[in-house]
Amino acid sequence: MTDKQVNQPSLIALLTDFGDRDIYAGVMKGVVAQINPHIRVIDLTHQISAQNIAAARFCLMSAYPYFPQGTVYVAVVDPGVGSKRRAIAVEFAQGFLVGPDNGIFSGVLAQTPAINTIELTNPHYWHTPEPSKTFHGRDIFAPVGAHLATSVPLKKLGQKIDAATLVKLDIQEYHPTHSGVTGCIQYIDHFGNLVSNIPGKYVQGKNWCVQASGLTIPGCATYGDVDVGEVAALIGSHGWVEIAINSRNAASHLQMNCQDSLQILFL
């Protein structure tokens, strides 16, 4: 990765479950600005539902391809904060990942493997050598992200660890069959669309349907291919097969949740 000048810091992309009612996300950006006020911080989202590591995994995995090379992704959905779970920074092909070792980065790293992985054990690059037991986002992850964005070498941040030891979320895998693909719901978006873990490439150019929640759902190209209130399956902008209801909330109407199974059938 090309070194950057101190006066040309990398971008930081920030993802948390902190919401916008409290000061937590703003304080993290304040800590970044204390280290280097020239760093641009983009808020991916602070509306991840509380402690929902799987949702954070999906959102980060879906977002990183749209950011510049060298971006530092600081992701904090951290129900294990203050425990023995590791704080980590990971270099990968498109930048750096900074956050807790709880599986939050497992989606990204399944698509683009780690190059170097560090446990964050050097307090020189923290906000304080005695970090809060409840706010590592402020005291460890935000300052580490800022130092990385200002060209501090990864190796200075702590001890190297084996990427194979990083926590992976236990998410059901999809499986091609002789007649289609089986999988599960991996994410539910703001509109209630049910995003599966089945890549859209499996249905492109085919006639297909989805069987889920006791329904047979036709494969379509757009939400408007069915009438308002009707159920459709399609490839979402994220590239995964999803189930939607035109102008309605599919999750609530179908009573489906993450990890629920579905099956694609080729016609």
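**Exercise 1. A charge and a ring**

Task: state where the charged end of K206 sits, and how far from the ring centre of F266.

Solution. In this predicted model, the charged end of K206 sits over the ring of F266. The distance from the charged end to the ring centre is 5.3 Å, and the cut-off for such a placement is within 6 Å of the centre.

**Exercise 2. Classifying aromatic pairs**

Task: state how many aromatic pairs there are, then classify the pair F58 and Y187 and the pair Y64 and F92.

Solution.

Step 1. With ring centres required to lie within 6.5 Å, the count is eight aromatic pairs.

Step 2. For F58 and Y187, the centres are 4.5 Å apart and the planes make an angle of 20 degrees. Planes under 30 degrees apart count as stacked, so the pair F58 and Y187 is stacked.

Step 3. Place the two residues in the chain. F58 belongs to helix α2 (residues 53–63) and Y187 to strand β9 (residues 180–188). The pair links distant parts of the chain, 129 residues apart.

Step 4. Check burial, for which the limit is under 20% relative accessible area. F58 has 3% relative accessibility and counts as buried. Y187, at 16%, is buried as well.

Step 5. Turn to Y64 and F92. Their centres are 5.8 Å apart with 80 degrees between the planes, and the pair is edge-to-face. Y64 is in the loop between α2 and β3 (71–76), whereas F92 is in strand β4 (residues 87–92). The pair therefore ties together parts 28 residues apart in sequence.

Step 6. Y64 is buried at a relative accessible area of 6%, and F92 is buried at 0%.

Step 7. Y64 and F92 also belong to a cluster linked by ring pairs, together with F67 and Y73.

**Exercise 3. Burial of helix α2**

Task: decide whether α2 is largely enclosed or not, and list its buried residues.

Solution.

Step 1. The buried residues of α2 are I53, A55, A56, R57, F58, C59, L60, M61 and A63.

Step 2. That is nine of the eleven residues of α2, so the helix is largely enclosed by the rest of the structure.

Step 3. F58, the α2 member of the stacked pair in Exercise 2, is on this list.

**Exercise 4. The surroundings of H136**

Task: locate H136, give its burial, and describe its contacts.

Solution.

Step 1. H136 lies in helix α4 (residues 136–149).

Step 2. Its relative accessible area is 10%, so H136 is buried.

Step 3. A polar atom of the H136 side chain lies 3.2 Å from the backbone oxygen of S132.

Step 4. Leaving aside residues up to four places away in sequence, H136 touches D78, V81, G82, R85, P131 and F141. Two of these, D78 and R85, return in the next exercise as a salt bridge.

**Exercise 5. Salt bridges**

Task: state how many salt bridges there are, and work through the closest N and O distances for D78 with R85, D101 with R86 and D139 with R138.

Solution.

Step 1. Under a cut-off of within 4 Å, the count is four salt bridges.

Step 2. For D78 and R85 the closest N and O atoms are 2.6 Å apart. D78 is buried at 11% relative accessibility, and R85 is buried at 15%.

Step 3. For D101 and R86 the corresponding distance is 2.9 Å. D101 is in the loop between β5 (95–100) and α3 (106–111), and R86 is in the loop between β3 and β4, 15 residues apart. D101 is buried, with a relative accessible area of 7%.

Step 4. For D139 and R138 the distance is 2.7 Å. D139 counts as buried at 2% relative accessibility, whereas R138 is partly exposed at 27%.

**Exercise 6. Cysteines**

Task: determine how many disulfides the structure holds, and test C184 and C209.

Solution.

Step 1. A search of the whole structure gives zero disulfides.

Step 2. For C184, the nearest cysteine sulfur is that of C258, 8.2 Å away. The cut-off is within 2.5 Å, and C184 is in no disulfide.

Step 3. For C209, the closest cysteine sulfur is in C220, at 11 Å, which is too far for a bond.

Step 4. Both cysteines tested are buried: C184 at 0% relative accessibility and C209 at 6%.

Methods:
Residues are numbered from 1 along each chain as its sequence is written. This is a predicted model: local features need pLDDT of at least 70, side-chain atom pairs count only at pLDDT 80 or more; totals for chains, interfaces and linings use all residues. Side-chain values use heavy atoms; hydrogens and water are left out. Rings of Phe, Tyr and Trp (its six-membered ring) pair if their centres lie within 6.5 Å; planes under 30 degrees apart count as stacked, over 60 as edge-to-face and the rest as tilted. Helices (H or I, at least four residues) and strands (E, at least two) are DSSP runs, numbered from the N terminus. Buried means under 20% relative accessible area, exposed over 50%, partly exposed in between (1.4 Å probe, protein chains only). A charge sits over a ring if NZ of Lys or CZ of Arg is within 6 Å of the ring centre and within 35 degrees of the ring normal. A polar contact is a pair of N or O atoms within 3.5 Å; within protein, one must be able to donate a hydrogen and the other to accept it, and residues adjacent in sequence count only if both atoms are side-chain atoms. Contact means heavy atoms within 4.5 Å. A salt bridge is a side-chain nitrogen of Lys or Arg within 4 Å of a carboxyl oxygen of Asp or Glu.
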